[in-house]
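Visitor: Hey, I'm new to this one. Can you pull it up and walk me through it?

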Amino acid sequence: MTDFLSKPSKPSAKSLNSPAFFNVALSTWRAVNAPYTRAGRDTALPDGIVKLSIKAIKGARSADTLGAEREGTGVVIDASGLILTVGYLVIEAGSILAMAPDGRVHPATVVGFDHASGFGLLRASPGVAKEPLRRGDASKLKPLQTVRIAAHESAGGVTPAAVSARRRFTGWWEYMIDDAIFTAPPRGEHSGAALLGDDGSLLGIASLWVSDTLATGVAFPGNMFIPINLLDPILDDLIAHGRRQAPSRPWLGIYTEEIESHVVVTRTLSDGPAARSGITRGDIILGVAGHSIGTQAEFYERLWASGVAGDDVTLHVLHEKKVKHFVVYSADRTDYFKPWVVR
């Protein structure tokens, strides 16, 4: 499966010499080479960590970027067999198997998916884990703290890391969360891995490998985790309805990259709202509904403030060397994908 990446900008001498960079680098070295906290010393794989093997439905639209067969980690969060993981693993899932640390294999089904947070929720049989992981409070987690990253055994098991940053994350696939958790050193097979605090509680779910955890323009790779606190407000909705019940954000089916204060279109999804409206790769998005933008964050803020899924969105775009106004009939991102089993 393709890993999502974030690209660093050009480094500066100031960022290379900053106290923050030195402190994070030292904390990362200590976490790996001289763990002195309970979190750093304990490398036992929790019983609630399971391996997920997922096959997408035939003809899945997500197969070209996520793969038709996917593998990652799930975290059992209650005695009924609820499993939390990263959402991109479960999009258009046709079949799912959850393997417990003792080798037992359980079939699982999708309970819910939430694009805004990035969480996916599954359910296996109640016996999938003897000791589900307790959810902690990620708001108390600070930079430089030692933590553990727990993936299924064949993905590396449990290793120590240090929190390098807490900041907003913007992704090129119409995704943004505040107060994301960044850790170093990086883990390769990270998808769905658990971030564990000093007391063993679950603080986040691994989403990405990133090349610049500090956002300083310096190549300081690591991983981005979705804070567990984003789950509590939507958990009941996911269990009861398969999705949050608040109105869905307008979605355009567009990938962008921020380049020198310009939001550049890098791809439009086939038959997505933006593609149907005539927007193409290489276009530069200058504004949304009369408001100028210069960053991805501003683009998303203006887009999501313009209405709800299904509303028309006016984009001001530099297209073929001319500034044009495109009216895009937005959609709900979940509706774009082919129907898959959610029980």
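Guide: Here is a short chat about cavities and salt bridges in this model, which is predicted.

Visitor: How many cavities of 30 Å³ or more does the structure hold?

Guide: Just one. Its volume is about 40 Å³.

Visitor: And which residues line the largest cavity?

Guide: The lining is made up of Trp173, Glu174, Trp251, Gly253, Ile254, Tyr255, Leu269, Arg333 and Phe337. By class, that's six nonpolar residues, one polar and two charged.

Visitor: Switching topic: how many salt bridges are there?

Guide: The structure has 13. One of them joins aspartate 114 and arginine 244, at 2.8 Å from N to O. Those two come from distant parts of the chain, 130 residues apart: aspartate 114 sits in strand 5, while arginine 244 is in the loop between helix 5 and strand 13.

Visitor: Is aspartate 114 buried or exposed?

Guide: Buried, because its relative accessibility is 3% and the cut-off for buried is under 20%. Arginine 244, at 30%, counts as partly exposed.

Visitor: What does arginine 135 form a salt bridge with?

Guide: With aspartate 232, and their closest N and O atoms are 3.2 Å apart. This pair also links distant parts of the chain, with the two positions 97 residues apart in sequence. Arginine 135 is partly exposed at 31%, and aspartate 232 is partly exposed at 47%.

Visitor: Which residues are linked in a network of salt bridges?

Guide: Arg61, Asp271 and Arg276.

Key: Residues are numbered from 1 along each chain as its sequence is written. This is a predicted model: local features need pLDDT of at least 70, side-chain atom pairs count only at pLDDT 80 or more; totals for chains, interfaces and linings use all residues. Side-chain values use heavy atoms; hydrogens and water are left out. On a 1 Å grid over the protein atoms alone, a cavity is a set of points where a 1.4 Å probe fits but cannot get out, and a pocket is an open set with protein on both sides within 12 Å along at least five of seven lines; lining residues have an atom within 4 Å of a point. Grid points are joined across faces, edges and corners, and a volume is the space filled by probe spheres set on the points. Ala, Val, Leu, Ile, Met, Phe, Trp, Tyr, Cys and Pro count as nonpolar, Asp, Glu, Lys and Arg as charged, and the others, Gly among them, as polar. A salt bridge is a side-chain nitrogen of Lys or Arg within 4 Å of a carboxyl oxygen of Asp or Glu. Helices (H or I, at least four residues) and strands (E, at least two) are DSSP runs, numbered from the N terminus. Buried means under 20% relative accessible area, exposed over 50%, partly exposed in between (1.4 Å probe, protein chains only).
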